[in-house]
Amino acid sequence: MTKHLLIVDGMALLFRSFFASAAMNQFIRLEDGTPTNGVQGFARHVLTAQHLMQPTHIAVCWDMGMHTFRNDLFDGYKANRPAPPEEMVPQFDLAKEVSAMLGWTNFGITGIEADDLIGSMVKKWQHDAQMTVISGDKDLLQILNPSTTIAFTKKGYTEYDVYTLERFRKEYGIEPEQFAHVKAFMGDTSDGYPGVKGIGPKTALKLIQDFNSVEGVLEALPTLKAGQRIKIGENEDMLKLSYQLAQIHCEAPIEKQLDELIVPADYTQHLEQLHERGFRLIVKHAKSLGL
């Protein structure tokens, strides 16, 4: 049977679930008052994905704290992000706990972002399994390959915007690894790096289609329109730094073997444990899916 690994960007689903319900003050507290709306939404999302996508293996990747090697490269990296709401804070550890209770394998390394862990898994196991990555982060387009599909969250627990290597090539006209070069020019407001001021997504993509890479554009600088030449020339250092920040690093140590990530064959005991802890919405949802 073909192995199918579902790789989940845990923090992306946790934040998404938190804000979807926090807007209506639905924090779904445990008996001791701990809010669990993000945690329960995250677990229900992954259970639904498992039901829809039928993976044989599951890995959940987490960011571990705010500071990563990218902050050492650039002080402003993600500096514009507000602190998480107080109801969110206890849910970071709780989400990992619930994930483990459900029999899923958590991955998180201090100083390394979840994106880099995901990229490292994709590189490590690209010849051993079909892989589906669930995230909301477009940066991950750069790790697409023939055995990897990326499912971007869209609506609720069931709708995704799915990218294959073929779709990416058709839409962008470049190879996935060139996507970081595009990001270097256009920057990323949510990650807090500017790229080249005055160059938007369309121009950034056209430059990489024409010249292949940041270096290729810089070599061709004398042939560009005056406006572009000036913008790029004035921001050359930030352009090179933005490329370093945009690039997913696929060298993180993945200590587990693929077959340690097998999906539980039977969730009965896992659900009993969750029920005892008060996570009744997760239990009810799992049962509604026939797990």
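**Helix packing and pockets in a predicted model**

Helices α2 and α13 are roughly parallel to each other, because their axes cross at roughly 15°, which is under the 35 degrees that sets the limit for that label. This is a predicted model. This briefing covers two helix contacts, that of α2 with α13 and that of α1 with α2, and then two pockets. The largest pocket has a volume of about 1,000 Å³, and the second largest has about 360 Å³.

**Helices α2 and α13**

- The axes of α2 and α13, which spans residues 280-288, come within 9 Å.
- The crossing of these two helices is right-handed.
- On the α2 side the contact is made by V39, Q40, A43, R44, L47 and T48, and on the α13 side by R280, L281, I282, H285 and A286.
- Sorted by class, the residues of this contact are six nonpolar, three polar and two charged.

**Helices α1 and α2**

- Helix α1 covers residues 10-22 and helix α2 covers residues 37-53; their axes come within 7 Å and cross at roughly 120°.
- That angle makes α1 oblique to α2.
- α1 and α2 also cross in a right-handed sense.
- From α1, the residues G10, L13, L14, R16, S17, F18, S21 and A22 meet N37, G38, V39, G41, F42, H45 and V46 of α2.
- This contact of α1 with α2 has seven nonpolar residues, seven polar ones and one charged residue.

**The largest pocket**

- The volume of the largest pocket is about 1,000 Å³.
- Its lining counts 42 residues, and M11, F15, D63, K78 and R81 are the closest to the centre.
- Two or more lining residues come from each of α1, α3 (69-73), α4 (91-101), α5 (114-125) and α11 (236-246).
- Helix α1 gives the most to this lining, with five residues.
- By class, the lining of the largest pocket holds 17 nonpolar, ten polar and 15 charged residues.

**The second largest pocket**

- The second largest pocket, with a volume of about 360 Å³, is lined by 19 residues.
- Nearest to the centre of this pocket lie Q142, I143, L144, E177 and C250.
- Helices α5 and α6 (165-172) each supply at least two of the lining residues.
- The largest share of this lining, three residues, belongs to α5.
- The lining of the second largest pocket divides into nine nonpolar, five polar and five charged residues.

Key. Residues are numbered from 1 along each chain as its sequence is written. This is a predicted model: local features need pLDDT of at least 70, side-chain atom pairs count only at pLDDT 80 or more; totals for chains, interfaces and linings use all residues. Side-chain values use heavy atoms; hydrogens and water are left out. Axes are lines fitted to C-alpha atoms, for helices over the stretch in contact, and angles run from 0 to 180 degrees between N-to-C directions. Helices (H or I, at least four residues) and strands (E, at least two) are DSSP runs, numbered from the N terminus. Angles under 35 degrees count as roughly parallel, over 145 as roughly antiparallel, 65 to 115 as roughly perpendicular and the rest as oblique. A crossing is left-handed if the near helix is turned anticlockwise from the far one by less than a right angle, and right-handed if clockwise. Contact means heavy atoms within 4.5 Å. Ala, Val, Leu, Ile, Met, Phe, Trp, Tyr, Cys and Pro count as nonpolar, Asp, Glu, Lys and Arg as charged, and the others, Gly among them, as polar. On a 1 Å grid over the protein atoms alone, a cavity is a set of points where a 1.4 Å probe fits but cannot get out, and a pocket is an open set with protein on both sides within 12 Å along at least five of seven lines; lining residues have an atom within 4 Å of a point. Grid points are joined across faces, edges and corners, and a volume is the space filled by probe spheres set on the points.
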